[in-house]
Amino acid sequence: MRSVQVLLLGLFLCGQLSRSSGLMFYLEPNGRKCLKEEINKDVLVSGEYEVTELPGHTVDLIVVDSKGQHFVSRQGVDKGKIAFTTDESNDAFEVCFISRVTLGTRGTRQETYLNVKHGVEAKSYEGLGDAAKLKPLEVELKRLEDLSESIVQDFAHMRRREEEMRDTNESTNSRVLYFSIFSMCCLLSLATWQVLYLRRYFKSKKLIE
């Protein structure tokens, strides 16, 4: 019983820590700022953004995956929300803010706020509880259940990545070994050829018998 309580407490703390407060940065005039994050397939991603409005300044927002596929593409944004679901071909996504300053306008840095959530964090459990008529404790247990499943999936993903890295490392070690053997054979062949060549040369000059 105590172990179950400790597990629930750990999941609750993980859930609280995962609720990030977002990121604030400055977007340079006529500049581009991109934030990239790796992600698993079939994951819900949602977020909120807000850009300080300045006269003569326009900010575009695009969200693309590692293959260049556009999830979101908006022009002239100031504040809003984004939401999309990754597919099997995605391994990362990138949120980019692009500043455009009108000719003749003095460029000024724009304060930009971005808060992106994915997986369990992106789900609205309040709406789920209202729709299913669940009690607050049941909603929290549902969230913890999804969080534990997400953690298991993350560990499985990390394990797959570790296996891929190990296979790559073993393959690299094998190639280095074969290259070392090949280099050693080349050096031995070159040394043997040099000895034979010098021996013939000295014999031709009658320096040795």
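Let me start with Leu23, which, once its neighbours within four places in sequence are set aside, is in contact with Leu35, Thr112, Tyr113 and Leu114. Please keep in mind throughout that we are looking at a predicted model. Leu23 sits in strand 1, and the pairing I would like you to find on the screen is the one with Leu114, because although 91 residues separate Leu23 and Leu114 in sequence, their C-alpha atoms are 5.2 Å apart in space. Is Leu23 buried, exposed or partly exposed? Its relative accessibility is 41%, and Leu23 therefore counts as partly exposed, since that class runs between 20% and 50%.

Stepping back to the chain as a whole, we have three helices and eight strands, and reading along the sequence the order is α-β-β-β-β-β-β-β-β-α-α. Of the contacts in the chain with a separation of 6 or more, 77% are between residues 24 or more positions apart, and the pair of Leu23 and Leu114, at 91 residues apart, gives you a sense of such a separation in sequence. As for burial, 24% of the 209 residues count as buried.

Now to two loop residues. Asn30 is found in the loop between strand 1, residues 23-27, and strand 2, and its phi is positive, at about 55°, even though Asn30 is not a glycine. For background, most residues other than glycine have a negative phi. Asn30 also counts as exposed, because its relative accessibility is 54% and the cut-off for that class is over 50%.

Pro55 belongs to another loop, the one that runs between strand 3, residues 44-51, and strand 4, residues 57-65. With a relative accessibility of 69%, Pro55 likewise counts as exposed, and its C-alpha atom is separated by 9.5 Å from that of Arg106, which is 51 residues away along the chain.

Let me turn to the largest pocket, which holds about 630 Å³ of space. It is lined by 24 residues, and those closest to its centre are Val43, His118, Gly119, Ser150 and Asp154. Which elements supply at least two residues each of this lining? They are helix 1, residues 2-18, strand 2, residues 32-38, and helix 3, residues 136-204, and of the contributions to the lining the largest share, nine residues, comes from helix 3. In chemical terms, the lining divides into eight nonpolar, seven polar and nine charged residues. If you prefer to think in domains, the lining draws at least three residues from each of domain 1, residues 21-123, and domain 2, residues 133-204.

Finally, a word on an annotation, which I would treat with some care: UniProt, in an unreviewed entry, lists residues 176-198 as "transmembrane region". In the model, residues 176-198 are 100% helix and 0% strand, and the C-alpha atoms at the two ends of that stretch are 32 Å apart.

Definitions and conventions:
Residues are numbered from 1 along each chain as its sequence is written. This is a predicted model: local features need pLDDT of at least 70, side-chain atom pairs count only at pLDDT 80 or more; totals for chains, interfaces and linings use all residues. Side-chain values use heavy atoms; hydrogens and water are left out. On a 1 Å grid over the protein atoms alone, a cavity is a set of points where a 1.4 Å probe fits but cannot get out, and a pocket is an open set with protein on both sides within 12 Å along at least five of seven lines; lining residues have an atom within 4 Å of a point. Grid points are joined across faces, edges and corners, and a volume is the space filled by probe spheres set on the points. Helices (H or I, at least four residues) and strands (E, at least two) are DSSP runs, numbered from the N terminus. Ala, Val, Leu, Ile, Met, Phe, Trp, Tyr, Cys and Pro count as nonpolar, Asp, Glu, Lys and Arg as charged, and the others, Gly among them, as polar. Domain bounds come from an automatic or database domain assignment. Buried means under 20% relative accessible area, exposed over 50%, partly exposed in between (1.4 Å probe, protein chains only). UniProt positions are given in the numbering used here, feature names are shortened, and annotations may be inferred rather than shown by experiment. Contact means heavy atoms within 4.5 Å.
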